[in-house]
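Here are some notes to read alongside the structure, arranged as numbered points. Please keep the structure open and find each residue as it is named.

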Amino acid sequence: MIHTKRRPEATIAACADRHRLYQLSVQNPPAEVDFVDRTYRLLRGRSARTLREDFCGTAAVCCEWVRRRKRNRAWGVDLDVDVLEWGRQHNLGELDENQRSRIELVQADVCKVETPPPDILLAMNFSYWLLRDRQVIRGYFERVRDTMAPDGVFFLDAFGGYDAFRVLTEERRIQDPDGGAFTYAWEQAVYEPVTGRFVCHIHFRFDDGSEWNRAFSYDWRLWTLPEIRELLLEAGFSRVMVYWQGWDEDGNPDGVFVPVEAGEPDAGWIAYLTAEK
Ligand SMILES: C[S@@+](CC[C@H](N)C(=O)[O-])C[C@H]1O[C@@H](n2cnc3c(N)ncnc32)[C@H](O)[C@@H]1O
């Protein structure tokens, strides 16, 4: 008997690009740049020109920054040469030559890197939670403070709420602007109360039943807002503020972040912080 080998149909997962799916699922560079640009102006009374994006991954925020104004410059710092190369090809590749010339991608450890002093320094999407040790994260904050321009502002985000301390998986349906849709799944796989260790995964599921399990995995410490504020002040920042969002008419978060002295004990919240040099 002759066996004919059939070529297996390529699944959607097999053809998927995990960096593109990540950007569609968890990033919104225009909204992030709106917030940091406006907040810097409010705090410092002038527009920022230079921005450093730490843990930049695909450097999507750097690209948005240089698009905003002709004089804006950006540095993106990431350890991973492959993700930087993806960003260079896909995100920087969509810029014009002048915009591209105002971005520098640096493959380095954010705890050791040296760059010119930026007005704005960003560590977003909780990436600094990779620094699990108190001395190490404070050392990083000290370096950030020393690196920044004299009136520089450090922007971070944080999430929390009682669901943050639970093992769970949340799913969201994401529309692809190029057509179709997929499911983004956020799994909090481990939370360990003694050390605060927090292991999370991102999975993508597709309409043909295929999935990209653990497309991204993070071994973090779940830092709380009071700890982060204390560490930033210990690192020498002069003022640290927390920005909380309100609710729209349908009871959903409204995306408008305002400075607060007290938050709400929600199941899940996302906040921004600023730390002024
Ligand atoms: C979750 S991604 C963040 C992507 C993007 N900044 C965002 O807002 O979604 C975390 C990135 O941090 C990088 N990374 C981890 N440790 C680092 C370090 N010590 N220095 C520089 N980059 C690091 C990883 O390579 C990865 O690309």
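1. Begin with the side chain of Glu227, which reaches the backbone nitrogen of Thr224 at 2.8 Å. Please keep in mind, here and in every point that follows, that this is a predicted model. The side chain of Glu227 also makes a polar contact with the side chain of Arg221, at 3.2 Å. When its neighbours within four places in sequence are left aside, Glu227 is in contact with Arg221 and Leu222.

2. Glu227 is found in helix α8, and a look at Arg134 shows how sequence and space can be compared. The two residues, Glu227 and Arg134, are 93 residues apart in sequence, while their C-alpha atoms are 9.4 Å apart in space.

3. Arg134 leads to the packing of two helices, since Arg134, Ile137, Arg138 and Phe141 in α7 meet Ile228, Leu231, Leu232 and Glu234 in α8. Sorted by class, this contact of α7 with α8 has five nonpolar and three charged residues, and no polar ones. Helix α7 covers residues 134-147 and helix α8 covers residues 225-234, and the two pack at an angle of about 55 degrees with their axes 9 Å apart. An angle from 35 up to 65 degrees is neither roughly parallel nor roughly perpendicular, and α7 and α8 are therefore oblique to each other. The crossing of α7 and α8 is right-handed.

4. A second pair of helices can be read in the manner of the first. Helix α3 (residues 29-44) packs with helix α4 (residues 60-68) at an angle of about 60 degrees, and their axes are 9 Å apart, so that α3 and α4 are oblique to each other. In passing α4, helix α3 makes a right-handed crossing. On the α3 side the residues are Pro29, Pro30, Glu32, Val33, Asp34 and Asp37, and they meet Ala60, Val61, Glu64, Trp65 and Arg68 in α4. The residues of this contact divide into six nonpolar and five charged, with no polar residue.

5. Which residues come nearest to the ligand? There are 18 residues around the ligand, and of these Tyr22, Phe55, Asp78, Val110 and Asn125 come nearest. For Asp78, a polar side-chain atom lies 2.6 Å from an oxygen atom of the ligand. Gln27 likewise has a polar side-chain atom that lies 3.3 Å from an oxygen atom of the ligand. With Leu79 a backbone N or O atom is involved, and this atom lies 3.1 Å from a nitrogen atom of the ligand.

Terms used:
Residues are numbered from 1 along each chain as its sequence is written. This is a predicted model: local features need pLDDT of at least 70, side-chain atom pairs count only at pLDDT 80 or more; totals for chains, interfaces and linings use all residues. Side-chain values use heavy atoms; hydrogens and water are left out. Axes are lines fitted to C-alpha atoms, for helices over the stretch in contact, and angles run from 0 to 180 degrees between N-to-C directions. Helices (H or I, at least four residues) and strands (E, at least two) are DSSP runs, numbered from the N terminus. Angles under 35 degrees count as roughly parallel, over 145 as roughly antiparallel, 65 to 115 as roughly perpendicular and the rest as oblique. A crossing is left-handed if the near helix is turned anticlockwise from the far one by less than a right angle, and right-handed if clockwise. Contact means heavy atoms within 4.5 Å. Ala, Val, Leu, Ile, Met, Phe, Trp, Tyr, Cys and Pro count as nonpolar, Asp, Glu, Lys and Arg as charged, and the others, Gly among them, as polar. A residue is near a molecule or strand if one of its heavy atoms lies within 4 Å of it. A polar contact is a pair of N or O atoms within 3.5 Å; within protein, one must be able to donate a hydrogen and the other to accept it, and residues adjacent in sequence count only if both atoms are side-chain atoms.
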